[in-house]
Structures are given as C-alpha cells and as structure tokens.
Amino acid sequence: MATLNRRQILAAGAALSVAGTGFSLPVLAQSGRKSVTLALPRDVQPPFDPLNRLSFPEGNILRAVLQGLIAFKPGTFEWELSAAKRIEQVSDTVIEFELKPGLQFHGGFGELTADDVKFSFERAIKPGADGKPMLYGKDFAALKEVEVTGTYSGRIKLKTPAPALWQVVLPDNSGLIISRKAYEAGAYRTDQPTKVIGTGPYLLKEWRPNERVVLQANPAFQGPKPGFEEIILRPVRDSKTAELAFRADELQFTAIEPADAADIAKIPGAKILKQDSINFVWIGVNVEKPPFNDPRVRRAIRLAIDVDQVIEGAYNGAVGRAYGPVAPGLLGNWKDAPRHTRDVAAAKKLLAEAGVPTLRAKLTLLNKPAYQNAGIIVQAQLAEAGIALDLDVQEGGIFWSAGNGEAGKNLELSLQRFGGKADPSFQLQWFTASQIGSWNWQRWNSPEYDTLFAKAGSLTDPAERARLYIEAQKLIDESAAFIWLTHEVNVYALKDWLTPGILPNGDDQLYNRFSPA
Amino acid sequence: MRLLRRIGDRLATTALVLVGAVALVFALTLVIPGNPAQVLLGPRATPEAVQAFSQAMGLDRPVAERFALFLWNVLRGDLGNDVVSGRPIVTMVAEVLPYTVSLTLSAIGLAILFGVPLGCYAATHPGSLIDRAAAAVSIGFIAIPNFVVAILLLMVFSVWLDWFPVLGVSRSGTLGDQLARLALPALSLALGWIGYIARLLRASLLDVLGEAHIRTLRAYGVAERVIVYKYALKPAAIPTVAVLGLGVGRLLGGAIFAEIVFARPGIGTLVYDAIASRNYPVVQACVLVVVGLFTLTNLLVDLSYAWLDPRIAKAEER
C-alpha cells in the first residue's frame with residue numbers, strides 16, 4: 001500500500017500554501033466593470049417561458065432576454081416603447097401596434113414579426129400542446145385575438161375593455177414576445193432550459209442549478225447597449241451570507257434587511273439604496289368566525305392596535321405607514337383614508353358591548369423576524385384591551401396554505417404581505433368574494449365591493465377608475481377586517497459605481513438597466 | 001464465502017431500511033399542512049392553475065397508489081420528474097450530489113487528519129497542557145452550532161483576511177479556486193468532528209494501552225511510538241470508525257447548513273428548497289439517496305472492523 005513520507009507531506013503543504021496565495025485572485029478579478037454579480041434570493045427554475053414562469057426571479061431573466069411591445073422604465077411603472085415602434089389604444093377594445101423592423105431573434109430564428117406577437121399572446125388563451133392552460137394565461141383573459149395586418153403591424157382585439165393590460169401585462173413578463181419558430185423547435189421548455197430565444201439586450205448563456213445564471217450581452221440587440229458585457233446572478237438564500245459576500249466584493253448588489261443598512265453604508269465603496277415599495281402588509285380578521293363576525297369586535301381590535309408603534313418596532317422605523325392596499329403614487333390611492341388611532345378605552349367599551357369583555361385570539365404569521373416582532377408588539381397592545389393573543393408562527397409552506405379551503409374557516413387573525421403591481425386592480429383583486437377560500441383570508445364578502453371592482457376594471461377613464469377603486473376601499477375600511485401596517489421599503493446594498501434598474505415593487509428588476517454609474 | 005454472505009445480509013437489511021425510510025417520508029408528506037400546489041405557485045395562482053398543478057403532482061390519486069407507483073418507479077431507476085421544472089429528478093440529484101459528497105468527504109478527511117494525531121497525543125500525554133487545551137477547545141467546537149462556526153469563518157477568513165471567497169463553488173475556476181471554495185465549508189463542518197474524534201480516540205486508546213498485550217510489548221522493549229501507531233491504534237480506532245460511519249450520514253444531511261451559508265449547491269439545499277415548496281417527489285428522492293449513501297457507508301464500516309481487529313473476524317467465524 002502506498003504511504004506518504006514526511007517529505008511528501010511537506011511538499012503537499014507547500015503546494016496548498018502556494019494555492020492559498022491565489023485564493024483571492026478571483027475576487028480581485030471581479031472588480032472590472034465589464035461584469036457585475038448580483039444576488040438572487042433563490043435559485044431560478046425552468047421553464048424560462050413568459051407564460052409558464054414560476055415567479056419574479058425567472059421573470060427578471062426573461063425581461064433581459066426577450067422584448068415586449070413596451071417595457072417599464074427603471075424606478076417607475078411608466079412604460080416606454082420596446083419592440084414596438086408605435087402602439088395606440090384606438091378604441092376601448094382595440095390596440096394597434098407597429099413593430100420596429102429588423103429586430104432579430106438570436107440563434108438564427110429570424111426577424112420578430114407581428115405573427116410572433118400573435119403567437120405569443122394567443123398562447124395565453126389557448127391550451128398548450130399538452131392541453132394544459134398557461135400558468136399566467138389569465139393575464140390575457142380579456143384577449144379575443146391578435147389580428148396580423150402586416151409583417152410588422154397588428155391589432156390586439158379585446159372582448160372587454162381592459163385598462164390594466166397597459167400596466168400589468170404588456171410591459172410586464174406576460175407581455176414578452178417569443179419566437180414562434182423557436183418555440184416549435186423546442187425552445188422555452190424545461191428539457192433545454194437555456195434555449196431561450198429572444199431579441200432582448202442579453203442572452204441566457206448559462207444556468208447552473210443552485211450555482212449561477214450568466215447573461216451575456218446580445219451583440220445583435222438593436223436598442224441601447226446594455227451596461228455590462230456579462231451579468232452573473234448568484235442564488236444566495238441566507239441574507240447574512242449575501243451581506244458578507246457584498247463586503248468581500250463577490251456580490252456588487254444585494255437586497256438587505258433595513259436594520260442592516262446603516263452598518264453596511266460604512267463599507268468603503270458601498271452605497272445604500274432605499275426605495276418606497278408598493279407591497280402591502282396588514283393584519284386581517286376572519287369575518288366569518290365568531291366572535292370576529294361581530295363588527296364591534298373587529299373595530300375593538302383595530303382600536304387596540306397602535307400601528308405606528310408596531311412598524312417602529314418591527315422595522316426599526318425604516319418604513320412608512322400604510323392606510324390602504326394601494327400605495328401612494330398609484331392610481332386609486334386613497335389619500336384621504338382615515339388615520340385610525342389607538343384608543344384602548346373605546347376598544348374595551350366595544351368588546352363589552354359585544355359581550356366579550358375578555359377574548360382569546362390567534363394571530364397566524366410568517367416566521368420572518370420583522371413579522372414576528374410585529375406580532376409580539378400587537379400581542380402586548382391587545383393584552384391592554386383584554387385580548388389575549390396567541391402567536392401562531394409558521395414557515396412559508398404552512399403559512400401560505402393557512403387561509404385556503406376549509407382550513408381558512410378556522411383562521412382568526414393573520415399577518416399578511418402581498419406584492420403590488422402598477423395597477424390597483426392587482427392589489428384589490430384578492431378581496432373579492434371569489435377569492436374566499438383562496439387568498440381572501442378575511443373571508444370578507446361584499447357584493448357591492450365586487451360590483452365596484454368589476455366595473456372599475458372595464459373602464460378606460462383613469463379618473464373614473466380611481467374614483468371607483470377608492471369607493472371600494474371605503475367598503476374595506478368600513479368592514480374593520482383590515483388593519484393596514486406598511487407598504488414596506490426595499491433596501492439594497494450596492495457598489496457606488498453601480499446604477500441599478502429596479503421597479504417600485506422591488507421584486508421586479510431590469511437587468512438591462514444595470515450599468516456602471 | 002462468509003464475507004459474501006455477510007454483505008448479502010447487510011444489503012437485504014439496507015433495502016428494508018430504504019423502503020422504511022421512504023415510507024416514513026411519504027407518510028410525513030401526508031400530515032404536513034400546506035397545499036403543495038398553492039405553495040409552489042404562490043399568491044397569484046388561480047384555482048385552475050392550482051388544480052392543474054395538483055394533478056401534475058399526482059395529489060388527486062389515492063395514497064396507496066401514489067406510494068406503490070413511487071416504489072415501482074424507484075425499482076426501475078426512475079425517481080420521477082420535478083413538478084416545478086419538469087426536469088428528471090435523477091438529473092437534478094446527479095448535478096448536486098458530487099458537491100455534497102466532496103464536502104462531506106473533505107470534512108471527514110479534515111476531521112481525521114487533525115483529530116487522530118490530536119487524540120493519539122492526548123492519550124500518550126494525559127493531563128498535559130496540550131491534552132487539557134485540546135479537551136477545552138474540542139468541547140467548545142462540539143457545542144457551537146455549525147452555522148455559527150461557518151459565519152465566524154467567513155467573517156475572519158473571507159471578509160477580514162480576504163484569503164477565501166465567500167460564495168459557493170467554481171466549476172470553471174482553477175484547482176486552487178475550487179479548493180479555496182471548498183476549504184471553509186469543509187472546515188466549518190469538520191471543526192466539531194475534530195474534537196469529537198480526538199476525545200473518542202483518546203479514551204479508547206487509553207483503554208487499549210492498558211491491555212495485557214501492550215504491557216508485553218513494553219516488556220520486550222518495543223518503542224512507545226511503534227506500540228501506539230502499529231499495535232494500539234488499529235483496535236482503538238474501532239469506536240471512532242463506527243462513529244465516523246454515522247458521521248458521514250449526519251454530514252450528508254448536516255451539510256445543509258454549510259451549503260446554505262456558503263451558497264453551495266448540494267443535496268442539502270435541494271431538499272431544503274423542496275421541503276419549503278412541498279415538492280414531495282424531490283424530497284422523497286433526496287431522502288432515498290441520503291439513506292442509501294448512509295447505509296452503504298455503514299456497510300463499509302462494518303466490514304472494516306474485521307480488518308482493524310482480527311479478533312472480531314475470528315469471533316464471527318465461531
């Protein structure tokens with residue numbers, strides 16, 4: 001049997017030492033500005049298909065590789081032309097578009113034409129080859145057909161007016177255009193995950209599961225040159241690891257906890273970006289379950305909670321307070337919404353009137369530090385009003401099923417956080433009666449609300465839509481089943497030479513708009 | 001012949017253990033709250049999409065049918081397809097398994113490399129300063145959770161000293177880069193085991209050094225170093241090898257902390273994500289693979305006893 005002598009062991013040790021001197025070289029090599037490494041909150045999953053994508057990390061990659069007719073501008077939900085040279089709503093149910101000529105799908109799949117637009121959008125309303133509907137097919141629920149009127153021109157015909165199409169579909173992931181020819185050749189499917197054929201600023205060069213995604217600048221892209229020749233996306237699940245990797249310059253951009261911002265800002269060459277979010281966090285009360293079916297009990301709970309104190313404790317004062325689900329700046333934001341303040345005496349009086357001077361309740365919440373802190377503060381506040389609150393802290397898998405089906409009937413209070421989009425119809429859709437048993441965990445049922453919501457969704461006049469959405473939010477407020485906490489804030493650590501491209505909800509990012517400052 | 005029969009017996013036991021483990025995991029997936037389809041598709045999922053996904057996962061089929069189908073497919077070497085991406089689970093496991101195995105073996109290797117000499121020294125110099133210091137440090141490293149050690153190592157060696165990278169693995173990098181990215185995760189797992197092996201070996205070596213045949217060797221004037229390393233270490237290593245066998249199993253599962261903290265691919269992160277998203281086929285497949293590796297390791301450990309101490313082989317022959 002071979003054995004190592006002392007000399008060989010020493011030689012191996014020396015070799016390791018030499019290797020050690022080169023250990024930091026890859027880190028130094030990343031300081032060039034042709035490449036940037038960004039953190040992903042989790043690994044991405046194929047298929048990289050706009051209508052069958054899993055969630056926002058996959059969507060952000062698709063946004064960089066494909067083009068829509070229009071695209072969001074960074075930092076806003078305003079849109080600009082992308083693949084379209086011209087696009088116009090010519091009537092309530094018809095949108096005309098004309099494509100820029102000469103946009104080439106990479107990989108030799110030819111020019112982007114109106115037929116590709118027709119194929120991309122109509123896939124949403126027709127079952128796939130396997131007979132299954134597209135995961136995001138409902139985004140195009142109002143679509144009747146896309147009529148091709150020329151090589152580069154067409155008409156999007158709708159069954160009913162759908163103003164939200166301009167905000168949550170056409171400039172977003174579902175509105176991205178794929179190549180019919182490439183699709184028929186097997187692209188955008190799971191068996192060839194990186195075969196994502198587009199006309200966008202980047203190519204999906206590499207996806208190594210749980211390791212990295214590499215986007216490479218598309219030399220044939222006809223728009224503004226992207227900021228980097230290469231973007232590397234690294235899945236980093238642990239926020240502390242992401243922070244350490246940022247400190248070691250292995251990541252140049254990562255989301256961080258608001259509480260860590262001040263510390264990270266002290267790192268030389270680092271800067272902190274804080275951005276008001278449009279997501280919404282609230283405490284909901286199940287209006288079906290006694291004694292919470294009594295509006296007096298719900299009002300008492302709302303009166304017993306000091307929201308300002310809750311968000312100060314849970315978020316270290318880094319976020320502002322929310323007064324409704326639609327954030328300031330968005331159409332339908334109710335800027336005159338009531339500012340409910342704490343009144344423990346009034347809360348006790350209401351509970352006594354409802355015949356429950358002492359009450360035991362359960363708050364179901366996610367096992368995230370900010371939410372747990374919020375739960376503890378609410379627990380203390382409700383105790384002063386005679387309400388003993390049990391905290392039911394759950395991990396994501398259990399939590400996100402807590403309000404579904406029959407289980408949802410047993411839910412009492414829940415602390416929820418939903419993501420926002422540019423159109424209020426997205427935020428307000430979850431409170432309709434049809435969502436009871438799915439995402440309307442308050443099980444709040446208001447036919448009047450449903451009517452207002454449906455009507456607002458089919459109008460094209462923005463002012464009238466806004467008015468109806470505000471009326472709908474008044475009904476939400478009257479129910480006292482929703483205690484709005486915050487729209488949150490997105491906080492990022494990034495190198496001072498980097499300009500990011502982030503949309504207001506934080507989750508959606510425009511990799512093609514990341515650039516050296 | 002006896003050896004072959006023994007291997008055959010152990011393989012039969014292994015098969016039973018595998019079926020039992022899979023049955024247990026399968027049963028657990030039935031009682032864990034949370035609709036997998038809803039968890040996977042997230043808050044925007046429509047009821048239609050949830051239903052379609054449930055069908056794709058086979059959740060609408062009777063439990064017994066699902067279990068029987070899974071076992072039958074396993075026997076055919078088919079672990080099924082991932083319900084999220086539709087990719088074959090065998091491929092997904094094969095992609096990450098080398099990372100977990102290399103991490104586990106590196107950690108065990110480091111533990112042996114440092115733990116064995118430390119244990120030998122402590123046994124031959126009981127009560128010395130190094131023995132006492134090693135005891136204190138060992139207990140310290142055993143007591144501190146892996147993920148805390150991992151964060152500390154990152155702070156010191158990656159952020160302050162800039163000797164090692166923070167993140168994951170590097171397929172395209174040089175061998176030095178690969179080793180650099182493996183060093184801290186392996187060390188974070190190994191530190192506790194170094195102390196454990198050192199303490200265990202110290203105790204068993206002290207026992208063996210007190211036995212009659214060792215006294216005879218001393219009486220013949222054999223050098224103490226030869227006595228320790230040639231005659232005492234092999235039989236004294238049996239408890240340590242047994243613990244290492246279990247340790248490989250624990251590390252295969254325990255590597256999850258290192259994989260998450262160091263953002264490395266591996267079985268741990270694969271199963272972590274799968275559990276969080278209720279992706280049961282992937283969970284079942286990962287458990288099957290880990291249990292398989294665990295039992296295989298312990299089979300090798302069992303077989304090594306006879307080599308380490310011929311008295312065991314002789315006793316079995318009787």
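Here is a walk through this structure, from the overall build of chain A to a helix in chain B. Please keep in mind that the model is predicted.

Let us begin with chain A as a whole. It holds 16 helices and 22 strands. With a radius of gyration of 26 Å, close to the 24 Å that the globule rule gives for 517 residues, chain A is as compact as a globular protein of that length. If you turn the C-alpha trace of chain A along its principal axes, you will find that it spans about 80 × 75 × 45 Å. Of the 517 residues in chain A, 56% are buried. Its contacts also reach across the sequence: taking those between residues at least 6 apart, 68% join residues at least 24 apart.

Now let us step inside, to strand β12 of chain A, which covers residues 230-235. Is this strand enclosed or open? Because 5 of its 6 residues are buried, strand β12 is largely enclosed by the rest of the structure. Two of its partners are worth finding. Strand β1 of chain A, residues 35-40, pairs with β12(A) in the parallel sense over 6 bridges. Here A:Leu40 has A:Pro235 as its bridge partner. Strand β11 of chain A, residues 212-217, runs antiparallel to β12(A) and is joined to it by 4 bridges. In this pairing, look for A:Val213 opposite A:Leu233. As you look along these strands, a general point may help: in a regular strand the side chains alternate between the two faces of the sheet.

From the strands we can move to the packing of nonpolar side chains. The largest nonpolar core has 152 residues, and those with the most contacts inside it include A:Ile61, A:Leu215 and A:Ile156. Helix α12 of chain A, residues 369-384, gives this core its largest share, 6 residues. Another core, of 63 residues, lies apart from it, with B:Phe164, B:Leu252, B:Cys286 and B:Val290 among its members.

To see one of these core residues in its surroundings, go to A:Ile156. Leaving aside residues up to four places away in sequence, A:Ile156 touches a set of neighbors including A:Leu69, A:Val94, A:Phe97, A:Phe121, A:Glu145 and A:Leu170.

Our last stop is helix α5 of chain B, residues 89-124. This helix has 36 residues and reaches 50 Å from its first C-alpha to its last, close to the 52 Å expected at 1.5 Å a residue. Where does α5(B) have a kink? A kink of about 35 degrees lies at B:Val96, shortly before the proline B:Pro98.

Note on methods. Residues are numbered from 1 along each chain as its sequence is written. Chains are lettered from A and ligands numbered from 1 in the order in which they are written. This is a predicted model: local features need pLDDT of at least 70, side-chain atom pairs count only at pLDDT 80 or more; totals for chains, interfaces and linings use all residues. Side-chain values use heavy atoms; hydrogens and water are left out. Buried means under 20% relative accessible area, exposed over 50%, partly exposed in between (1.4 Å probe, protein chains only). Helices (H or I, at least four residues) and strands (E, at least two) are DSSP runs, numbered from the N terminus. Two strands pair if DSSP finds at least two bridges between them. A nonpolar core is a set of buried Ala, Val, Leu, Ile, Met, Phe, Trp, Tyr and Cys residues joined through side-chain atoms within 4.5 Å. Contact means heavy atoms within 4.5 Å. The expected span of a helix is 1.5 Å times one less than its number of residues. The bend at a residue is the angle between axes fitted to the seven residues ending there and the seven starting there. The radius of gyration is taken over C-alpha atoms; the globule rule is 2.2 Å times the number of residues to the power 0.38.
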